[in-house]
2 protein chains.
Amino acid sequence: MKKTIVILTFIFIVFGLSGQQDSLYVLVIHGGAGNITPERITKDVKPAYVAKLTESLQAGEEILKNGGTSLDAVEAAVRVLEDSPLFNAGRGAVFTIDGNNELDASIMCGKEINSGAVASITNVKNPISAARKVMEESPHVLLIGKGAERFSYEKGLEIVDPSYFFDQERWDNYRELLKRQRKGGDTGMNDPSPDDMMGTVGAVALDIHGNLAAATSTGGMSGKQFGRVGDSPIIGAGTYANNKSCAVSATGHGEYFIRNVVAYDISARMKYKGTSLDEAANYIINDKLKGLNVNGGLISVDKEGNITMPFNTSGMHRGFVNSEGQLEVKIFGDE
Amino acid sequence: MKKTIVILTFIFIVFGLSGQQDSLYVLVIHGGAGNITPERITKDVKPAYVAKLTESLQAGEEILKNGGTSLDAVEAAVRVLEDSPLFNAGRGAVFTIDGNNELDASIMCGKEINSGAVASITNVKNPISAARKVMEESPHVLLIGKGAERFSYEKGLEIVDPSYFFDQERWDNYRELLKRQRKGGDTGMNDPSPDDMMGTVGAVALDIHGNLAAATSTGGMSGKQFGRVGDSPIIGAGTYANNKSCAVSATGHGEYFIRNVVAYDISARMKYKGTSLDEAANYIINDKLKGLNVNGGLISVDKEGNITMPFNTSGMHRGFVNSEGQLEVKIFGDE
């Protein structure tokens, strides 16, 4: 009996050390890149953003530090941001040109190179969890609209009335947009202003088992044509994860992120050219896309735990937490 | 006056030679990879397939040989295949689990790195033309469902009653699938049989101006969950074009083509590793995907006019035509 206890204690200590204290984990999140300045995020409201980003990091870290998976961590981190009206995902999503909320999300597992995504859904409380169900409980990768909603309902996800996603400030912005369009003859099919594209959320993580995962969720572009799908639910564009390279979640002018296959391009540059994560990500955001006048940013973590959070806008809601006890949250470009 | 005529004649000859006779153009098409054997495509029906594939090549060549663009050529070639019930795109598309036709398509311009796509549309006669309108007349890349249909209508595309896409043989196959599912308790969310995935169509082209383009159109997977979107409308997965590397259109088990970002991966291997088109395409289809038990194929042309048409199934409807006067159409693997 005493011997058993000694052995169990030994096993516990060894596992405890190797599995938790010694093992590397990292979680990086974003709450969208855009025209994020001290004039817009004033001293009065900034603490709310910092608190919510911190809460998201803590939700993911709780999983990672207990040996949980990167998939669970990115899902948990994104759910916190979806539940907050501060960000353009889940509750508080922007409105389509028709005055509705249409939500997109995707998730990817770097170990299995598996992924799931949903687009244009209107009544699933947490789109990122719907994306995960598509990955794990359907043979499909991308389900859209009513089909995705029916699937989510069948899988037992929380269904809400579409009015759950309503946020007064977003609605006021939408009405302002309509006024501008009426004045300028804008049909809603023109290029958006940078103000209209803020707030996509995402998370990437490396867990102590060495597995990478990425997740992205969004309400899309304010005043978007109904049925418009951006890069967030597109594997390779807004989201990508591969244990052999990196995990990526992007935010920005989605159409250009699709055309440039941004998330996968970082992985490809690392795998085929030997480029470092930071170099690949910075080139795409601050050279290639900036050269095309395309606004956006991304977060990424590689298989070694290196992270990068480049953006070419005035700010990006972002933060990270890791197994070394660091936790940082930043909003503006010069922080 | 005489001098002017001489000069004009000279200019005409030079332009004629450099612009048309001497300049390279290539068009490659596919009508889907799958379980395509002499037992299924019997001697009686094979001529109809060969004739339709030839008609598609001729429609595209007519444009290319007169100095037209690769974009016009791939659109024209795909429209011919969409209009034919022999292929799983446009008229003759397979049925969703609910007994409807939901069509996906995408197109990409290698010069502008621009693209357009539609998914889950039910009443636009030629989905590939809807994809092109999205690319050229909207700020978006991907429009889905009712939003894509409204946009197509507003842009003057031909709208048809959904019954236009009905094909008796596809319907019979669908009813057989339902019977199998009822027997086996299959919910329609399981992996499809290879028989259920045939017939996506696509085209890639290089025009005499050196511009590449790619186009893909499909009815998707037979018995698919409604709202399921495969790789065909996903830029980077089923379709990609870039003047610096190649143009690709893929066909096969779409979910795996999305997860492996197949079309863009060929371009990335060429650009970042210096791999040849043929080597990159063959590796992905006959090594990587085959190793994962994933059925499919693709067609591609690079900026030099080299072409490749690998597939790991028993057959793939395919063909090419070029400025050297070659025109070939093949169906089975051993042809």
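**Cavities and symmetry in a two-chain model**

Trainee: What volume does the largest cavity have?

Mentor: Happy to start there, bearing in mind that this is a predicted model. Rolling a probe the size of a water molecule over the atoms shows where empty space is left. For the largest cavity, that space comes to about 110 Å³.

Trainee: Which residues lie nearest the centre of the largest cavity?

Mentor: The lining of this cavity has 12 residues. By class, two are nonpolar, seven polar and three charged. Nearest the centre are Thr200(A), Gly220(A), Met221(A), Arg228(A) and Gly252(A).

Trainee: And how do the residues lining the second largest cavity divide by class?

Mentor: The second largest cavity has a volume of about 90 Å³. Its lining is made up of 12 residues, and those nearest its centre are Thr200(B), Gly220(B), Arg228(B), Asp231(B) and Gly252(B). By class, the lining holds two nonpolar, eight polar and two charged residues.

Trainee: How many cavities are there of 30 Å³ or more?

Mentor: Two of them we have just met, at about 110 Å³ and about 90 Å³. With the cut-off set at 30 Å³ or more, the count is four.

Trainee: How are the two copies related?

Mentor: A turn of 180° with a shift of 0.0 Å along the axis lays chain B on chain A, and the RMSD is 0.0 Å. The relation is therefore that of a two-fold rotation axis.

Trainee: Nice! Which residue of chain B comes closest to the rotation axis?

Mentor: Both copies use the same surface, as 98% of the contact residues of chain B recur in chain A. Going by C-alpha, the closest approach to the axis in chain B is 2.9 Å, and the residue is Tyr272(B).

Terms used: Residues are numbered from 1 along each chain as its sequence is written. Chains are lettered from A and ligands numbered from 1 in the order in which they are written. This is a predicted model: local features need pLDDT of at least 70, side-chain atom pairs count only at pLDDT 80 or more; totals for chains, interfaces and linings use all residues. Side-chain values use heavy atoms; hydrogens and water are left out. On a 1 Å grid over the protein atoms alone, a cavity is a set of points where a 1.4 Å probe fits but cannot get out, and a pocket is an open set with protein on both sides within 12 Å along at least five of seven lines; lining residues have an atom within 4 Å of a point. Grid points are joined across faces, edges and corners, and a volume is the space filled by probe spheres set on the points. Ala, Val, Leu, Ile, Met, Phe, Trp, Tyr, Cys and Pro count as nonpolar, Asp, Glu, Lys and Arg as charged, and the others, Gly among them, as polar. Copies are superposed by least squares on the C-alpha atoms of residues with pLDDT of at least 70 in both. Contact means heavy atoms within 4.5 Å.
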